[in-house]
Amino acid sequence: MNTSDGVGARVVQTAGPVLIIGSGLLGASLGLALRAGGVRVYLEDASPTSLHLASDVGAGQAFGDVLAEAGVRPRECGSDTPSYQAPSIVVVATPPDVADRVIVESLLRFPDAIVTDVASVKDAVVADVLRGLEREGRLEEASRYVGSHPMAGRERSGAGAADADLFYGRPWVIVAHESTWPRAVLVARALATDVGAVPLEMNAGTHDHAVALVSHVPQLVSSMLAARLVDAPAQALGLAGQGLRDTARIAASDPRLWTAILAGNAGPVADILRELRTDLDDLLTHLDAAAELGSLRGGSVGAINRVMTAGNQGVARIPGKHGGAPSRYREIEVLIPDEPGALGRLFSELGEAGINIEDLVLEHSAGAQAGVARVMIDPAVVDRAVADLQQRGWRLITH
């Protein structure tokens, strides 16, 4: 066990050193989180620039430098020496299209280490790892491999966007295969817990269908929607509100990374897109009829209502802030001047009034000198919050 130093010290279960191969957003964030718990972290990356950036932000030590300082030759890096401690865990944080190769290499380089990966597709990666080990005549090494996938990320990529709290409160899926050692599963679970994530166990197929539904298809839909804006007239974009910003936000994600992810999970993604296409074709039929007739006749109103109602039902099933059933919050809308410190003052004054902000959405209009903060709070304190804010001079939007 390791104990971090200073204020907020915590005991973690992960016994380092941990070697993280791939120093992008997930790899660097994992390094930051582990180092905050006192775990020694080594970093390795095919890109020297990415590696140096991750090291500079504090995510770990460059593995090559560690070996050089210890006088250890690369082919001896899998064994402890008096001056060097070999990794006990290897985390492969490369894109999914190369993850299987790196996993196989890691199992062969570090014969005593547990190896996991954080790729967002699992079925194809696991199958390719097993095939790769079989080609090497080393299939028995597969027992030390367990797949995993932290359900965390952001539209910005690279170590420059890394955050030690990226995994906090997020699901971390553990995907064992038939020959995975139970100890490897325990190590992966401990790793997830130590960085604040919530470990869950699934098989590869279940995982891939689930992430296609909640992550991969939403990314595609957002990207296809945002693509409609490429040739949009300026006057239309000037009308853009928060709805467009919300639905198009993740369209800013890295195209190269998502190409690899979606190609690796093509089957489940295609299945869900076909279901979406069926709904879209049905809606188009009714909208075309309405356009031709000049009004919403022939069942068009019902078709639109079905789409909207089904959407309401789906949103209601998304887990709430603390997991489980979503909580029912009330919303107040506060005008926020476009000036330094205004939002911070709103937060501070709500805190002084004993009001907890459960969620927040900021809305802006092009050229406006103020934004709107939609603050979600406990329904029991809405009247008190409104009265307190108005007394402090805030302008609220009432409906």
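**Figure 1. The largest nonpolar core of the predicted model.** In this predicted model, the largest nonpolar core is made up of 37 residues. Ile20, Leu30, Leu34, Val91, Phe167 and Trp172 have the most contacts inside this core. Two or more residues each come from S3, helix H1 (25-36), strand S4 (41-44), helix H2 (48-56), strand S6 (89-92), strand S9 (171-175) and helix H6 (182-194). A second core, separate from the largest one, has 36 residues, among them Val66, Ala70, Tyr84 and Trp258.

**Figure 2. The whole chain, for orientation.** The protein has 399 residues, and 39% of them count as buried. Its secondary structure consists of 14 helices and 14 strands. Along the principal axes, the C-alpha atoms fill a box of roughly 75 × 55 × 40 Å. Among contacts with a separation of 6 or more, 68% are between residues 24 or more positions apart. The exposed area of the protein is about 21500 Å², and 54% of that area is supplied by carbon and sulfur atoms.

**Figure 3. Aromatic pairs, with Phe167 and Trp172 as the example.** The model contains five aromatic pairs. In one of them, the rings of Phe167 and Trp172 lie 5.3 Å apart, centre to centre, with 55 degrees between the planes, and the pair is tilted. Phe167 and Trp172 are both buried, and both are listed among the residues with the most contacts inside the largest nonpolar core. Elsewhere, Tyr42, Phe63, Tyr84 and Phe110 are linked into a cluster by ring pairs. One of these four, Tyr84, also belongs to the second core.

**Figure 4. The cis peptide bond before Pro17.** Gly16 and Pro17 are joined by a cis peptide bond, with omega at about 0 degrees. Pro17 sits in the loop between strand S2 (11-12) and strand S3 (18-21). Strand S3 is one of the elements that give two or more residues to the largest nonpolar core.

**Figure 5. Two threonines in loops, Thr94 and Thr81.** Thr94 is found in the loop between S6 and helix H4 (96-109). Its relative accessible area is 16%, so Thr94 is buried. Apart from neighbours within four places in sequence, the residues in contact with Thr94 are Ile21, Gly22, Ala99 and Val102. Thr81 occupies the loop between helix H3 (63-70) and S6. Thr81 counts as partly exposed because its relative accessibility is 28%. Between the C-alpha atoms of Thr81 and His207 there are 39 Å, and the two residues are 126 residues apart along the chain.

**Figure 6. A salt bridge within helix H11.** The model has 15 salt bridges. One of them joins the side chains of Arg274 and Asp271, at 3.2 Å from N to O. These two residues are three residues apart in helix H11, so about one helical turn separates them. Arg274 is partly exposed, with a relative accessible area of 45%. Asp271 is also partly exposed, and its relative accessible area is 41%.

**Figure 7. A salt bridge between distant parts of the chain.** Arg392 and Glu352 meet through their side chains in a salt bridge of 3.1 Å, N to O. The partners are 40 residues apart: Arg392 lies in the loop between helix H14 (382-391) and strand S14 (396-397), and Glu352 lies in helix H13 (residues 342-352). With a relative accessible area of 32%, Arg392 is partly exposed. Glu352 counts as exposed, because its relative accessibility is 57%.

**Figure 8. A salt-bridge network around Arg138.** Arg138, Glu140, Glu141 and Arg144 are joined into one network by salt bridges that share partners. Within this network, Arg138 forms a salt bridge with Glu140, and their closest N and O atoms are 3.5 Å apart. The relative accessibility of Arg138 is 31%, so this residue counts as partly exposed.

**Figure 9. A nonpolar patch on the surface.** Val221, Met224 and Leu276 form a nonpolar patch, and together they have about 240 Å² of accessible area. Leu276 belongs to helix H11 (residues 266-293), the helix that also holds Arg274 and Asp271. With a relative accessible area of 40%, Leu276 is partly exposed.

Methods:
Residues numbered from 1 in each chain as written. Predicted model: local features only at pLDDT ≥ 70, side-chain atom pairs only at ≥ 80, totals over all residues. Heavy atoms only, no water. Patch = residues over 30% accessible without salt bridge, like charges linked within 9 Å, V, L, I, M, F, W, Y side chains within 5 Å. Areas by Shrake-Rupley, 256 points an atom, 1.4 Å probe, with all protein chains shown as cover. Salt bridge = Lys/Arg side-chain N within 4 Å of Asp/Glu carboxyl O. Helix = DSSP H or I, 4+ residues; strand = E, 2+ residues; numbered from the N terminus. Buried < 20%, exposed > 50% of the residue type's maximum accessible area, 1.4 Å probe, protein only. Phe/Tyr/Trp six-rings, centres within 6.5 Å; stacked < 30°, edge-to-face > 60°. Contact = heavy atoms within 4.5 Å. Core = buried A, V, L, I, M, F, W, Y, C linked by side-chain atoms within 4.5 Å.
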